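Got the model open in your viewer? Here's a short tour, one selection at a time.

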Amino acid sequence: GNGKQVCTGHSSTTHGYTAGGFGTTVHGGIGISKWAYSSSSLADDWDNLTHGKQNSAAHTSYTHGYMSGGQSIISNTTNVQRFSLANDSGAENHSTLTLAPNSRRVGMNNETHGYTAGGASSNVVDKYTFASGASAVDHCDLDINREANSGCSSTTDGYYMGGPHGSIPNGASICKFSFSSSAQGTDHGDLSTHIYNFGSSGCQQ
C-alpha cells in the first residue's frame, strides 16, 4: 500500500487497520487499509470513510474501528465515524463530540465507550458509547491542556502520554483518568524521554 501519515490505527484479534491520514498527494484521505498478522503481504484497500479525515483520535471495539474529531479536507470536525472490522460495507457517521472542532486529540477506550482527550488548547475528555449513535458527553478534564501525542488504556483507566503542554513543547509526563469517574485526571509518572507526535491512538480490547 501507499505510505500514510497522521492516520488512525485499529486492531482485531487477526488484523491491523489504518484509516484516513494523508500520503504524498492526498490530504484528508478516505481510505481504510487492512493487513493480516499472520502474513507479510502488503495491506489491502479494505474500505472507505464517509469523508476524508486526518489527525483524528482512534478507538476500537470488538466489532468496529472509530475515528473521532480531526481535520477534514475543509476544516476541523467534531464527527465520529465507525467502520466494521469484519465487513467492507462502508463507514458510517456514528456520533458527535461536545468539543469545538479541533484536531490532534488522543483516543482511549474500554469495552463499551470511546474517550477523546485533549487537543489544541484543550484538557477536555469526551465520552461516547459504542452501542448507539448518541452524542458524546463531557466526561472529565485532564490535569492540564495536552495535544498531539499518544494514549493507551487499561480496562479501568485512560492514560495520556507526553505531547506539548503549557510552555513545554515536548512533554514526558503521563496523565491518568478513570473511565468510571468524572474526577479530573492526575499525574501518573513520566516517560523515559520527552516525545511529541508519537502516535495518536492507544486502545484495549
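Start by selecting strand E5 (residues 57-60) and E6: they run antiparallel and are joined by four bridges. Strands here are DSSP runs of at least two residues, numbered from the N terminus, and two strands pair if DSSP finds at least two bridges between them. A hairpin of three residues connects E5 to E6. For one bridge, pick Ala57 and its partner in E6, Ser68.

Before moving on, keep in mind that this is a predicted model: local features need pLDDT of at least 70, side-chain atom pairs count only at pLDDT 80 or more, and totals for chains, interfaces and linings use all residues. Residues are numbered from 1 along each chain as its sequence is written, and side-chain values use heavy atoms, with hydrogens and water left out.

Now add strand E7 (residues 79-84), which pairs with E6 in the antiparallel sense over five bridges. Across from Met67 you'll find Gln81 in E7. Colour E6 (residues 64-68) by accessibility: five of its five residues are buried (under 20% relative accessible area with a 1.4 Å probe, protein chains only; exposed is over 50%, partly exposed in between). His64, Tyr66 and Ser68 point one way, while Gly65 and Met67 point the other.

Next, the rings. There are eight aromatic pairs in the structure; rings of Phe, Tyr and Trp (its six-membered ring) pair if their centres lie within 6.5 Å, with planes under 30 degrees apart called stacked, over 60 edge-to-face and the rest tilted. Select Tyr17 and Trp46: the centres are 6.5 Å apart and the planes at 65°, so this pair is edge-to-face. Tyr17 sits in strand E2 (residues 15-19) and Trp46 in strand E4 (residues 44-48), 29 residues apart. Both are buried. Add Phe83, and ring pairs link the three into a cluster. Then show Lys34, whose charged end sits over the Trp46 ring, 3.7 Å from its centre (the cut-offs are NZ of Lys or CZ of Arg within 6 Å of the ring centre and within 35 degrees of the ring normal).

Last stop: which residues make up the largest nonpolar core? Its 11 residues are Val106, Met108, Tyr115, Ala117, Val125, Cys140, Leu142, Tyr160, Cys175, Phe177 and Phe179. Such a core is a set of buried Ala, Val, Leu, Ile, Met, Phe, Trp, Tyr and Cys residues joined through side-chain atoms within 4.5 Å. A second, separate core of nine residues includes Leu49, Met67, Phe83 and Leu85.
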